[in-house]
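Got the viewer open? Here is a short walk through the model, one selection at a time.

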Amino acid sequence: MARENLRNIVGKYNNSDKTLLELNDEEIEKALGFTTTVAGRIMPTLTGLLMIGREDVLAKAVPTSEAALQVLVGTDVKVNLTYKGSLLRTIEDIAHAIKPWNPVTEVSLGLFTSPVETFNGRAIREALVNAFGHRDYSMLGRVRVLIDDMGLTISNPGGFIEGISIDNLLTADPHGRNPCLMDALKRVGLAERTGRGIDRIYEGSLLVGKPLPDYSESGPTSVNLFIARSEPDQEFIRLIAEESEKRSAPLPLQTLLVLDALKRQRRATIEVLSRTVDVRKSQLVQVVELLVESGLVEAVGSAAHREYRLSSKVYKRSGQIKEYVRQADIDSIRYPELIMRLARKQGQVSKRDVAELLHVGPDTAYYEIRKLVKSGDLLAAKRGPDAYYVPCV
């Protein structure tokens, strides 16, 4: 195993586990699980070999530890590099090699500007750590990083471990295939200490209004992360910055996920959101109601079938007030048509029918029926608690 100066390495990355800096190199190796004692001899562990092993030793002992970086512009190969060294060096080298291919857009935030990378640097580092930390080292293949015209792909051999899928990446309890290795990466300071590095990967896209990270190409033998190349949503960035300043705290990931879902879907019920947003349902209800209180989201309809949409304030900020008007006024246009279609098919219609059809409360249902009665489209055939109406034509 390489006798690198571990105190310098730990000091470079580590921001929390200061106790490591009080140890010498040999003690640090033991504390991080880099070595074990066998028959009185100190021997390197797999974690130790991967983290600080020499290239020649890794080639013999763990040949699957290799990684590759490719950059394609069209069909032209601009970068084609292979990495065979320790993870500490490889992760740093890949992150550094990506920088020239990761241009920055300046976003104006009032009197200041903020640089927004094409691919969030923090997300890239977390994704690299996950790829190396969770890969299956018993399988042939290597961690592969590809940048092309479509975006950034990071893939590693070995599918998701038991209990993890693309549907619960953000809510599953953090656990991994190589717990000792991931613990070492956390304690050194390369990985998120909470075990929620995946949150940082999603945050990197959500904070700038870009498409969500895509794991859909993952399977039993590999995990594939794709981050699309796209322009930042500058108005969305300003909105998030202002809301964070108002709260004196960054917006939680769950809040960002709901805002992103409503931005894409236009309007949705809690049931729909629970199927499309990786947030526990009990927490989702609370997040949505807090967004309604803050004025970022509006609720439409009765409690049983309430739908949510981004507020006029959000649409106005992004210069899409026409989109908001279209969303807000679509009900008044569609309701009469839907009611009359149901009345003709059934031969009659009641207040309860209309409430169930439109997902609205009884008062709103009665109001819509009365408008059709006044316009001569419906006729009251029976009054009282069991009142119903028939089409005039």
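**First stop: an aromatic pair**

Start by selecting Phe 160, which is partly exposed, with a relative accessible area of 25% (buried means under 20% relative accessible area, exposed over 50%, and partly exposed in between, using a 1.4 Å probe and protein chains only). Before going further, know that this is a predicted model, in which local features need pLDDT of at least 70 and side-chain atom pairs count only at pLDDT 80 or more, while totals for chains, interfaces and linings use all residues. Residues are numbered from 1 along each chain as its sequence is written, and side-chain values use heavy atoms, with hydrogens and water left out.

Now add Tyr 215, which is buried at a relative accessible area of 7%. Phe 160 and Tyr 215 form a tilted aromatic pair, 6.2 Å centre to centre with 50° between the planes. The rule here takes rings of Phe, Tyr and Trp (its six-membered ring) with centres within 6.5 Å; planes under 30 degrees apart are stacked, over 60 edge-to-face, and the rest tilted. The count by that rule comes to 1 aromatic pair. Phe 160 sits in the loop between strand E8 (151-157) and helix H7 (179-188), and Tyr 215 in the loop between helix H8 (197-206) and strand E9 (222-228), so the pair ties together parts that are 55 residues apart in sequence. Helices (H or I, at least four residues) and strands (E, at least two) are DSSP runs, numbered from the N terminus.

**Along the loop and into H7**

Stay in the loop between E8 and H7 and pick Asn 178. Is Asn 178 buried or exposed? Asn 178 counts as buried, because its relative accessibility is 16%. Show its surroundings: leaving aside neighbours within four places in sequence, Asn 178 is in contact (heavy atoms within 4.5 Å) with Gly 133, His 134, Arg 135 and Tyr 137. Two of those partners deserve a look of their own: Arg 135 lies over the face of Tyr 137, at 4.8 Å from the ring centre. For a charge to sit over a ring, NZ of Lys or CZ of Arg must be within 6 Å of the ring centre and within 35 degrees of the ring normal.

Next, colour H7, whose buried residues are Leu 181, Met 182, Ala 184, Leu 185, Arg 187 and Val 188. Just after H7, Gly 189 takes a positive phi of about 115°.

**The cores**

Leu 185 leads straight inside. Along with Met 51, Phe 132, Tyr 202 and Leu 259, Leu 185 is among the residues with the most contacts inside the largest nonpolar core, which has 79 residues. Helix H10 (residues 253-265) gives the most to this core, with 7 residues. Another core lies apart from it, with 16 residues, among them Ile 339, Met 340, Val 360 and Ala 365. A nonpolar core here is a set of buried Ala, Val, Leu, Ile, Met, Phe, Trp, Tyr and Cys residues joined through side-chain atoms within 4.5 Å.

Centre on Leu 259. Not counting residues up to four places away in sequence, Leu 259 touches Phe 236, Ile 240, Leu 251, Leu 291, Leu 296, Val 297 and Leu 310. Keep Phe 236 selected and add Lys 263, which lies over the face of that ring at 4.7 Å from the ring centre.

**Helix H9 and the loop after it**

Ile 237 is in helix H9 (residues 234-247) and is buried, with a relative accessible area of 8%. Its contacts beyond four places in sequence are Val 107, Leu 109, Val 116, Leu 207, Val 208 and Pro 232. Try a distance label to Leu 207: the two residues are 30 apart in sequence and 6.4 Å apart in space, C-alpha to C-alpha.

Move on to Ser 248, in the loop between H9 and H10. Ser 248 is exposed, at 68% relative accessible area, and has a positive phi of about 60° although it is not a glycine. Most residues other than glycine have a negative phi. Ala 39 also has a positive phi, of about 50°; look for it in the loop between strand E1 (35-38) and strand E2 (41-44), where Ala 39 counts as exposed at 80% relative accessibility.

**Zoom out**

Finish with the whole chain, which has 16 helices and 15 strands. Buried residues make up 45% of its 393 residues.
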